[in-house]
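Student: I would like to go through this structure with you and ask, for each term we use, what justifies it.

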Amino acid sequence: MALLQISEPGQAPDPHQRRIAVGIDLGTTHSLVASVRNGVAECLPDNKGHIILPSVVRYLPGQGRQIGHEAVANAALDPENTLASVKRFMGRSLSDIAHPEKLPYKFVKPEGQDAASEKGMLSIQTVQGAKSPVEVSAEILATLRYRAEDTFNDDLHGAVITVPAYFDDAQRQATKDAAQMAGINVLRLINEPTAAAIAYGLDNGSEGIYAVFDLGGGTFDISILRLTRGVFEVMATGGDSALGGDDYDHALADAALASLGLADVQAGLSAEDKTRLKAAARAAKEALTAASDVPLVWSHAAQSHEVRVTRLQFNEATSALTARCMSAVKKALRDAKIKADDIQGVVMVGGSTRMPQVQEAVAAFFGKPPLNNLNPDEVVALGAAIQANQLAGNDSAGDLLLLDVIPLSLGIETMGGLVERIIPRNQTIPTAMAQDFTTYQDGQTALALHVLQGERDLVADCRSLARFELRGIPPMAAGAARIRVTFTVDADGLLSVAAKEQISGVEAKIDVKPSYGLSDTQIAQMLQDSFSTAEVDMKARALVEARVDGDRMLLATQSALNADGQLLSAEDRAQIDSLMLALRHTVDTSQEAQAVEDATQALAHATETFAAERMNHSIQKALSGQNIQNL
Amino acid sequence: MISLQASDFELFGLPTAFGLDRTQLDLQWKSLQREAHPDRFASEGATAQRIAMQWSVRINEAYNRLKNPLKRAAYLCELNGAAVNAENNTSMPPAFLIQQMEWREALDDCKAVKNLDTKITALEALLEEVDASHAQVLAQAAHLLDADHNYTAAVGQVRALMFIEKFAQEVQHGLDACT
């Protein structure tokens with residue numbers, strides 16, 4: 001008789017092979033890893049008992065590096081080689097960084113072909129050479145992977161990694177690349193606020209419309225989510241990806257310098273001074289959550305400065321930042337077409353939501369105290385762990401389905417630098433949408449497709465994602481070809497574009513993997529601009545449209561003249577020629593839509609009889625069945 | 001067996017009619033997505049993922065069409081052989097065109113107002129009028145589709161609704177520009 005097996009206490013063997021799946025919150029200031037153990041999501045500590053891993057990597061001379069707490073401890077000694085908050089640079093080019101002088105790093109342009117365009121992702125110079133944000137993130141992710149593998153003494157099956165709701169295609173792709181470098185199989189990228197809602201929704205069994213207010217170290221996200229029967233539907237997302245606790249630190253540091261009478265030394269500070277000042281401001285900020293009056297101590301130029309800061313001073317110095325949060329909240333409510341009253345609860349995420357002024361502003365706006373039952377630092381990782389557990393197939397009873405939306409509209413460039421939206425923002429994904437386009441000139445055999453992301457009407461105001469060409473279209477008259485452009489967005493929010501000429505069946509395809517993305521402020525700015533500058537846009541759009549019409553008229557007239565010019569009298573021909581010249585000039589030089597339209601009209605009017613003649617001629621030709629040359 | 005080629009109504013197991021229970025539609029959408037979403041097949045390889053993606057996309061497409069009354073009405077006309085031809089056929093009854101012109105003049109007047117509060121009030125009043133007209137035409141379309149089964153006549157209402165919605169959007173843009 002076989003002996004019965006008894007397992008160690010607390011380590012019940014699963015009936016089927018359990019896959020190790022974790023949720024990772026890859027944050028700007030710190031990162032966490034969590035997993036579902038014995039049916040409960042919990043954050044995994046390292047061997048010293050720390051749950052939080054500061055998202056900081058220090059590169060040492062020669063070889064080796066310090067990651068997390070160890071790197072933070074030495075940040076002030078070696079600021080240039082201690083890289084923090086690199087999440088802000090993910091998928092970003094050098095030109096996207098707003099104030100590089102405020103940061104202690106030496107930024108370098110990417111090498112190779114991207115260097116000339118300045119559009120490749122930036123790198124940071126360290127003692128170990130240039131490091132890209134993707135490499136630095138990969139170090140952090142690998143550290144968390146080893147932590148999980150040590151905890152379970154098993155290989156990692158896969159991970160759900162969270163990203164800010166505002167991350168565009170480039171930033172999501174960069175995050176996936178970092179995971180790949182760290183040897184992690186990405187089960188899914190999910191939005192941070194959505195992960196927080198998963199943690200709250202399942203733990204509390206709440207249904208209804210919720211707002212997730214996520215103020216982290218470097219980003220602010222607001223999401224409006226509808227929770228019903230295990231389905232998380234994102235109604236709207238918004239926020240400001242250049243607003244976070246770091247900005248509160250800076251504001252407090254500036255205020256402290258001002259009250260020390262040292263406001264003008266700011267520009268001349270060394271990297272080490274800046275790091276120390278920031279650390280002092282952060283410590284004071286954290287102390288102000290519990291106390292109303294704290295000292296801020298900072299040593300500079302062999303002198304120790306101390307100044308007392310009160311909570312009131314702190315609130316005043318940062319009121320503009322809090323106001324920016326609340327204005328993004330209002331915008332998201334408008335997008336979701338709901339009022340503050342419709343929100344049943346506000347989930348608070350991110351350590352910065354501990355600041356009393358933020359708690360008060362949220363409570364005042366929604367008319368109810370926000371939810372704080374879960375640790376705001378851990379909640380995102382916990383939600384990601386629940387999702388990971390289910391995607392790995394460990395939770396057969398799980399009934400969780402995450403329906404997500406795309407954060408920004410996707411479209412293509414049409415004549416005159418205008419954007420035609422193909423997928424509007426906040427569309428549930430996965431999705432595929434198509435639109436038919438046509439050719440602009442007679443005999444046009446190729447079509448340049450320019451894929452864009454953004455809410456504005458003009459190409460110049462949107463972010464370019466990719467360009468590709470559809471070639472081999474059989475020559476046809478302008479407007480005869482039918483080119484169907486299909487945009488497909490998968491469940492991770494990544495885009496692919498296909499174009500097919502319907503008559504000939506010629507097609508072209510591209511997976512959009514841009515080498516750079518939207519700048520931190522740009523996305524929020526673009527969304528805002530699409531509303532506040534609607535008036536300006538319309539004028540610009542009218543002029544562009546008028547120019548396109550003018551060009552089209554010129555092309556059409558020229559091709560008519562080439563075909564049937566002999567039908568015109570010398571006098572009529574001279575008149576048309578002079579009107580064409582006038583229109584060409586107006587299109588090229590005028591800034592007024594009306595002037596362009598008038599010139600177009602004049603030419604159209606003058607060619608009316610000519611057009612009628614041509615039509616007559618063609619009909620006669622068809623009737624007689626004779627070629628024009630035989631007449 | 002249901003296929004990707006099934007009509008939106010068949011796919012959602014709803015009667016092929018304009019009148020529709022929105023709650024039912026939402027529930028059905030969620031239960032279909034629950035079956036077909038690629039996340040359901042996250043550990044099952046590329047082929048399963050691709051097929052799931054196709055279905056999930058198809059379900060979202062049908063859902064977007066069914067939940068929007070104008071798109072639903074247009075789709076129902078097309079299903080019954082009455083083409084909407086929105087791009088080619090823009091001829092509308094004179095009375096309708098006159099109303100459109102009046103609205104456009106009213107919008108221009110609103111935009112010319114200097115005082116912001118007065119401007120917002122005027123724009124909101126215009127939007128309300130447009131919305132009321134939208135509701136009325138939609139009700140007529142519903143009757144033509146579900147009671148009379150006169151799809152050719154319904155096409156006229158669908159086109160009118162397209163004009164009205166486009167105009168309502170312009171008024172909304174005007175309002176957005178105020179804030």
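Student: Which residues of α5(B) meet which residues of α6(B)?

Tutor: In this predicted model, Trp103(B), Ala106(B), Leu107(B) and Cys110(B) of α5(B) meet Lys119(B), Ala122(B), Leu123(B), Leu126(B) and Val130(B) of α6(B). By class, the residues of this contact comprise eight nonpolar, no polar and one charged.

Student: Why are α5(B) and α6(B) called roughly antiparallel to each other?

Tutor: The axes of α5(B), residues 94–112, and α6(B), residues 116–146, come within 9 Å and cross at roughly 165°. Angles over 145 degrees count as roughly antiparallel, and α5(B) and α6(B) are therefore described as roughly antiparallel. Their crossing is left-handed.

Student: What makes α6(B) roughly antiparallel to α7(B)?

Tutor: The reasoning rests on the crossing angle: the axes of α6(B) and α7(B) cross at roughly 165° and come within 9 Å. Set against the cut-off, which is over 145 degrees for roughly antiparallel, this angle makes α6(B) roughly antiparallel to α7(B). Here, too, the crossing of α6(B) with α7(B) is left-handed, and the contact has 23 nonpolar, six polar and three charged residues.

Student: Turning to chain A, what is the strand order of the open sheet of four strands?

Tutor: The order is β21-β20-β24-β25 in chain A, and the pairing is antiparallel.

Student: Why do β21 and β25 of chain A stand at the edges?

Tutor: Each of β21 (418–423) and β25 (463–470) has a single partner strand, so one side of each is left without a neighbour in the sheet. Direction ignored, neighbouring strands of this sheet are turned by 30° against each other on average.

Student: How do you know that strand β20 of chain A pairs with strand β24 of chain A?

Tutor: Pairing requires at least two bridges between the strands, and three bridges join β20(A), residues 410–414, to β24(A), residues 447–453. The cut-off is thus met, and these two strands run antiparallel. Gly411(A) stands opposite Leu452(A) in β24(A).

Student: What makes up the side of chain B that touches chain A?

Tutor: In the contact between the chains, 15 residues of chain B face 18 residues of chain A. On the chain B side, α2 (22–36), α3 (45–67) and α7 (151–178) each supply at least two residues, and α3(B) gives the most, with four residues. By class, this side of chain B has five nonpolar, six polar and four charged residues.

Technical notes
Residues numbered from 1 in each chain as written. Chains lettered and ligands numbered in written order. Predicted model: local features only at pLDDT ≥ 70, side-chain atom pairs only at ≥ 80, totals over all residues. Axes fitted to C-alpha atoms, helices over the stretch in contact; angles between N-to-C directions. Parallel < 35°, antiparallel > 145°, perpendicular 65-115°, else oblique. Left-handed = near helix turned anticlockwise from the far one by under 90°. Contact = placed C-beta atoms within 7 Å. Nonpolar A, V, L, I, M, F, W, Y, C, P; charged D, E, K, R; others polar.
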